Amino acid sequence: MIPSMGHASVLIGLGLTVYAAVAFVLAARGGDPRLNTSARRAVIGSFVAAGIGCAAMVISLLTHDFGVRYVAENNATTTPPFIGVISLWAALEGSILFWALLATGWAALVLHRYRDRYRQLMPWVGATLATVNAFFFAVMTWPGNPFALTSPVAAEGSGPNALLQNHPFMALHPPLLYLGYTGMAVPFAFGVAALVTKRLDEEWLRIVRRWTLIPWTFLTLGIVAGAWWSYEVLGWGGYWAWDPVENAALLPWLTATAFIHSAMVAERRGGLRIWTSALVIATFVLTLVGTFLTRSGIVASVHSFTQSPIGPWFLAAILVALTAALGLLVWRLPDLSGDGRPSGTVSRESAFLLNNVLFLGLTFAVLFGTLLPLLVAATSGDTISVGAPWFDTVTVPIFVALLFLMGVGPALPWGTASWSTMRERFAMPLLIAVLVTAGAVGLGLREVASLGTLGLAVFVGGIMIDEVIRGTRARARGRNEDHATAAWRLTTRNRRRYGGYGVHLGVLVMAVAVAISSGLASDRTVTLAPGETVTIGGYQIRHDRLVVEPLSTDVRVIETRAEVTYSGAQNGSLDTALRDYPNSQAAIATPAVRTSLAEDLYVTLLASDSATGVVTLHLFVNPLVVWIWIGGAIVGIGAVFAIWPERRARRVSVEQRQRAPAAASVEGA
Amino acid sequence: MHHLRWLLVPLLVIPLGWLLLTGFARDPREVASPLVGQQAPAWTYETLDGDTLSTDELAGRPYVVNFWASWCIPACVDEHPVLSSAYQRGGDELMIVGVLYQDTPADAESFLARYGDAGYPHLIDATGRLAIDFGVTGPPETFFVDADGIVQAKQFGPLTDALMADHLARILPSAAR
């Protein structure tokens with residue numbers, strides 16, 4: 001009953017999205033305006049349908065309805081309710097259902113919000129979004145039916161994916177990432193609509209920038225949460241492995257970030273229209289490639305689901321989307337070129353352009369490294385893998401250059417920078433950066449990369465703080481406000497700029513944490529009998545005893561656990577374990593991580609002998625790792641600050657006066 | 001000249017499509033087995049029925065070694081009828097040996113009771129020794145050994161009737177498919 005309801009809602013969703021796509025196109029081509037309204041309602045209906053589908057799946061999981069194949073494969077009678085709920089995205093079919101919920105949610109939100117505006121643009125936006133969503137419903141109708149039944153009905157299911165069970169972060173990382181991925185369809189839809197209607201104007205840029213920034217925020221948080229999950233769960237002491245699927249999330253992030261920056265130049269100076277629309281298209285296509293890599297099983301990774309017939313469908317979707325969008329772009333090329341206002345060599349514009357070149361370079365490097373194994377396998381049949389050292393070598397210099405630009409770019413004036421402005425703005429931060437770096441050398445830091453990043457970060461941070469102080473002082477003097485009020489008003493009246501500074505600040509914190517933690521981490525592998533002690537990085541580690549027993553929450557899981565006490569900068573005891581899940585081929589590590597603001601003590605159990613109680617442990621002392629997650633949170637706060645709608649009061653009249661001509665050009669003709 | 005810009009579309013789309021398409025031809029998890037072409041490991045094990053079976057008793061006959069588990073859903077369930085019918089059709093010419101992979105005899109018996117027991121023996125590999133000897137990474141995996149005791153083929157993942165026929169052709173003297 002419940003599964004049939006779920007299946008029916010998928011079919012209804014397919015019907016509604018197909019209808020919406022057709023009706024929007026008819027409305028756009030001058031059909032009855034009521035078509036537009038009914039198509040919009042159909043999109044909202046598809047969101048409701050996806051919601052009912054997800055609810056039906058969650059109920060089936062919670063009631064252990066093993067008649068549903070997905071439930072039998074991802075649930076067991078012993079599965080706790082919380083894990084049951086998040087199993088919605090534990091495997092292929094369920095995650096597509098969840099995906100459809102988010103994608104239709106974005107579509108409904110955008111179409112509802114702009115229901116009375118941009119009458120030329122919105123039908124095409126709606127048609128594009130409905131088509132994309134129809135694809136996901138079609139996948140669930142044919143090759144990936146989440147409600148497929150199985151017979152005979154098993155008495156017990158095989159239980160959820162072991163990696164999913166092992167850490168609550170699985171409740172957070174996939175939804176954030178999916179929100180980012182699915183949201184990137186919105187700027188893509190605006191891009192397609194603008195190319196069709198030839199309306200790539202400032203108004204368009206403003207909307208698309210906003211609607212890119214929102215999914216960008218989710219994508220960023222999803223990537224950081226994924227890194228954190230990997231660090232807490234996988235037990236190798238690191239957080240980023242340049243795994244193909246990690247790269248797949250990074251790629252659209254890079255192009256979206258490039259877009260957010262280039263849109264600022266385009267908005268301010270005109271031009272760059274081919275470039276900005278190409279970035280929007282690339283971002284969306286890369287999200288599809290990312291999904292394809294995860295869902296099709298053509299690359300091996302902790303993320304990939306089993307091989308499935310869904311792969312060819314996604315491949316077809318990527319090729320259709322790319323062909324259609326590129327075709328549109330090429331068709332409109334003659335209308336789009338030229339018309340930017342000129343600017344000096346050293347200016348904010350040129351910093352932004354260099355930023356885009358670097359982001360694109362990163363995108364190509366990561367894409368090349370990710371696809372190379374496929375290319376080699378296709379041409380010579382050999383299996384190769386492109387490892388972290390290659391990615392580090394290629395990308396670190398570009399990241400460092402971006403870090404430098406991040407400080408210098410926003411401090412440069414639009415137009416042309418004079419020598420005296422540059423001296424005035426950069427001399428002091430440079431001096432402080434040199435002093436801090438020298439101080440760090442004095443304290444014993446010798447690693448060149450870490451020192452460079454630290455110095456650069458201080459320089460860049462100094463420029464930003466200097467700007468805020470300067471602005472606050474000027475405002476306090478000019479308007480006779482106290483400094484706190486002046487600072488608050490300064491930043492909230494220009495949320496985009498200062499929110500951007502917040503994001504940059506978070507990135508700086510992350511960069512320093514990454515550089516120092518990778519430069520100064522220490523690790524060693526030790527074999528200890530019960531009662532033996534070892535030292536690492538100022539910690540005394542003692543192996544107390546080895547325990548092998550079933551997990552109290554699920555007796556089918558056998559835990560091999562080393563109980564360890566430690567003393568040093570932090571004191572206490574910890575358990576580090578290997579868990580043997582019945583449906584997992586390899587034992588799953590459950591590393592113990594003791595976090596402080598200064599450093600993490602990280603202990604993984606590698607091997608053990610139950611007869612003697614002897615264990616082999618991998619010990620890490622990782623400095624400052626927690627600051628990577630804190631930096632990620634600062635990025636998120638900065639982004640939300642930038643997205644938050646500006647207060648309307650007083651500004652409205654000014655804005656209306658400014659926008660009147662632009663708005664007329666959108667609505668006119 | 002202006003029309004040349006249209007070349008951009010196929011120039012980008014075709015290579016990307018080709019590259020991703022070739023990915024379907026292989027399974028990235030599949031590890032080429034060094035056992036193929038080599039002598040199969042020798043073994044003696046207790047079976048689910050309580051008998052003892054060893055490679056000596058199979059000498060001179062082609063046989064199939066199938067690693068499976070009751071918890072391996074759906075792959076082991078899917079391939080189960082393929083093995084059963086091949087065993088019934090193979091008659092005296094073909095032996096099939098199941099091996100329990102990280103599984104308990106009780107669970108395996110209830111699996112066979114539920115999904116049908118064709119009657120071929122299942123070895124209780126309690127220590128996982130046999131799985132290590134064959135280099136099994138996860139069930140189901142199936143090895144095809146000819147009458148001379150040489151491993152001729154390995155199936156990674158569930159068998160289908162067509163795959164079964166292909167692999168059997170390498171080890172059976174006549175076409176007993």
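**Exercise 1. Burial of Leu26(A)**

Task: Decide whether Leu26(A) is buried, partly exposed or exposed in this predicted model.

Solution. Start with the cut-offs: 20 or more other C-beta atoms within 10 Å means buried, 12 or fewer means exposed, and in between is partly exposed, with C-beta atoms placed from the backbone. Leu26(A) has 16 C-beta neighbours inside 10 Å, so Leu26(A) counts as partly exposed.

Next, place the residue. Leu26(A) sits in helix H1 (residues 2–28) of chain A. Helices are DSSP runs of H or I with at least four residues, strands are runs of E with at least two, and both are numbered from the N terminus.

Then find its partners. Beyond neighbours within four places in sequence, Leu26(A) contacts Gly31(A) and Leu35(A). A contact needs C-beta atoms, placed from the backbone, within 7 Å.

Residues are numbered from 1 along each chain as its sequence is written, and chains are lettered from A and ligands numbered from 1 in the order written. In this predicted model, local features need pLDDT of at least 70 and side-chain atom pairs count only at pLDDT 80 or more, while totals for chains, interfaces and linings use all residues.

**Exercise 2. The span of H5(A)**

Task: Check what length helix H5 (residues 92–113) of chain A should span.

Solution. The rule is 1.5 Å times one less than the number of residues. H5(A) has 22 residues, so the expected span is 32 Å; the end C-alpha atoms are 32 Å apart, which agrees. Now look at burial: 18 of the 22 residues of H5(A) are buried.

**Exercise 3. Strands E2(A), E3(A) and E4(A)**

Task: Work out in which sense E2(A) and E3(A) pair, parallel or antiparallel.

Solution. Two strands pair if DSSP finds at least two bridges between them. E2 (residues 533–536) and E3 (residues 539–550) of chain A pair in the antiparallel sense over four bridges. Thr535(A) stands opposite Gln540(A), and Ile536(A) stands opposite Tyr539(A). Two residues lie between the strands of this hairpin, where Gly537(A) takes a positive phi near 45 degrees.

Move on to the next pair. E3(A) also pairs with E4 (residues 558–567) of chain A, antiparallel over 10 bridges. Here His543(A) stands opposite Val564(A).

**Exercise 4. Confidence**

Task: Find what average pLDDT chain A has.

Solution. pLDDT is the predictor's confidence in each residue, from 0 to 100. Chain A averages 87, and 92% of its residues score at least 70. Residues 649–669 of chain A fall below 50; this stretch has 11 contacts beyond near neighbours in sequence.

Note on methods: Two residues are in contact if their C-beta atoms, placed from the backbone, lie within 7 Å.
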